[in-house]
Amino acid sequence: MARKVFLIRHARQSSDLCNVDVGLSNTGVRQAELLAERLTGFEIECLYCSDLIRAMQTAEIINSRLLLPLGVESRVRELDFGEMEGLTNEEIRRKFGQFKSDELKFELDQRYPGGENAAEVLERSLSGVLDILNSTSENVAIVTHGVVIRVLVCYSIGAPLQRWRNVARGLENTSISELDVNSAGIGARFSLERLNDYTHLETFPDLLRSNKTETR
């Protein structure tokens, strides 16, 4: 029987600046609490998270309900945005407008100035996921980040990595994406079974990205 890997996007963080390492907003805490309640119905046997604060806090809230072994895996942290990190969206558009325009052509897997590209994110995050799978025979949940989830989905379905932005463009905070795994190690095969599942938020429209009103 295939094992399951549940890829969970962290709850909303307390800053709109690009990839700053901060904790959760008030909304993020509520999102994580709703997710924790929902996950009690899943057959999850161990929990991991990236080493960024927003992911660790999300995992801690989940684990206050699930009471599972919890590990930290730095290789599933968010893409390194390089020179864009710490900037506002407007600053990024002003300073890196050509890069962002070229990115939306989906022709090349561009490396962010001073940072990473999708192939590099896939290489490290996949190695982290495989090491987790090789250390346990159980179903695993991993609290991680938007780009990591999208590149792992591209890998799973054989999509070109430069198309990662086309994977669930509205990927919600605390959404669940599920990969079934029928082998681990070299040649591991993943089947995408669930993507951007945020049923636990649907009755609370104020918690959705489309109705975002606060970050703190």
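**Entry 1: aromatic pairs**

I searched the whole structure for aromatic pairs and found four. The model is a predicted one, so I note every value as computed.

I took one pair, Tyr155 and Phe190, and looked at its geometry. The ring centres are 6.0 Å apart and the planes stand at 70°. Planes over 60 degrees apart count as edge-to-face, so I wrote this pair down as edge-to-face.

Next I looked up where the two partners sit. Tyr155 belongs to helix H6, and Phe190 belongs to strand E6, residues 190-197. The pair therefore ties together parts that are 35 residues apart in sequence.

Are Tyr155 and Phe190 buried or exposed? Phe190 has a relative accessible area of 11%. Buried means under 20%, so Phe190 is buried. Tyr155 comes out at 33%, so I entered Tyr155 as partly exposed.

I also noted an aromatic cluster. Its members are Phe81, Phe99 and Tyr112.

One more ring caught my eye. Arg30 lies over the face of Phe204, and the distance to the ring centre is 5.3 Å.

**Entry 2: the active site in the record**

Which residues does UniProt list under "active site"? The unreviewed entry gives His10 and Glu78.

I checked how they are placed. The two span 69 residues in sequence. Their C-alpha atoms are nevertheless no more than 10.4 Å apart, so they gather at one spot. Both His10 and Glu78 are part of the lining of the largest pocket.

I then looked at His10 alone. His10 is in the loop between strand E1 (3-9) and helix H1 (26-39). Its relative accessible area is 5%, so His10 is buried.

**Entry 3: the largest pocket**

From there I went on to the pocket itself. I read a volume of about 1100 Å³ for the largest pocket.

How many residues line the largest pocket? The lining has 30 residues. Arg9, Phe81, Asn89, Arg165 and Arg209 lie nearest the centre. Phe81 was already in my notes, as a member of the aromatic cluster.

I asked which elements give two or more residues to this lining. They are helix H3 (89-95), helix H4 (97-103) and helix H6 (146-157). Helix H6 also holds Tyr155 from my first entry.

I sorted the lining by class. I got 13 charged, nine nonpolar and eight polar residues.

**Entry 4: the binding site in the record**

UniProt, again in an unreviewed entry, lists Arg54 for "binding site". I found Arg54 in helix H2, which covers residues 53-66. The relative accessibility of Arg54 is 2%, so Arg54 counts as buried.

**Entry 5: a cavity**

Rolling a probe the size of a water molecule over the atoms shows where empty space is left. I used this idea to look for closed spaces.

How many cavities of 30 Å³ or more does the whole structure have? The search gives one. The largest cavity holds about 60 Å³ of space.

I listed its lining: Glu103, Leu108, Asp109, Gln110, Tyr112, Gln162 and Trp164. By class, that lining has three nonpolar, two polar and two charged residues. Tyr112 turns up here, and Tyr112 was also in the aromatic cluster with Phe81 and Phe99.

**Entry 6: Tyr48**

Tyr48 sits in strand E2, residues 46-49. Its relative accessibility is 19%, and the cut-off for buried is under 20%. Tyr48 therefore counts as buried.

I looked up the spacing between Tyr48 and Ile132. In sequence they are 84 residues apart. In space their C-alpha atoms are 8.5 Å apart.

**Entry 7: positive phi**

Most residues other than glycine have a negative phi. I went looking for exceptions and wrote down two residues.

Asn19 has a positive phi of about 55°, though Asn19 is not a glycine. Asn19 lies in the loop between E1 and H1. His10 is found in the loop between E1 and H1 as well. With a relative accessible area of 16%, Asn19 is buried.

What is the phi of Ala168? The value is near 45°, which is positive, and Ala168 is not a glycine either. I placed Ala168 in the loop between H6 and strand E5 (176-181). Ala168 is buried, with a relative accessible area of 16%.

Terms used: Residues are numbered from 1 along each chain as its sequence is written. This is a predicted model: local features need pLDDT of at least 70, side-chain atom pairs count only at pLDDT 80 or more; totals for chains, interfaces and linings use all residues. Side-chain values use heavy atoms; hydrogens and water are left out. On a 1 Å grid over the protein atoms alone, a cavity is a set of points where a 1.4 Å probe fits but cannot get out, and a pocket is an open set with protein on both sides within 12 Å along at least five of seven lines; lining residues have an atom within 4 Å of a point. Grid points are joined across faces, edges and corners, and a volume is the space filled by probe spheres set on the points. Helices (H or I, at least four residues) and strands (E, at least two) are DSSP runs, numbered from the N terminus. Ala, Val, Leu, Ile, Met, Phe, Trp, Tyr, Cys and Pro count as nonpolar, Asp, Glu, Lys and Arg as charged, and the others, Gly among them, as polar. Rings of Phe, Tyr and Trp (its six-membered ring) pair if their centres lie within 6.5 Å; planes under 30 degrees apart count as stacked, over 60 as edge-to-face and the rest as tilted. Buried means under 20% relative accessible area, exposed over 50%, partly exposed in between (1.4 Å probe, protein chains only). A charge sits over a ring if NZ of Lys or CZ of Arg is within 6 Å of the ring centre and within 35 degrees of the ring normal. UniProt positions are given in the numbering used here, feature names are shortened, and annotations may be inferred rather than shown by experiment.
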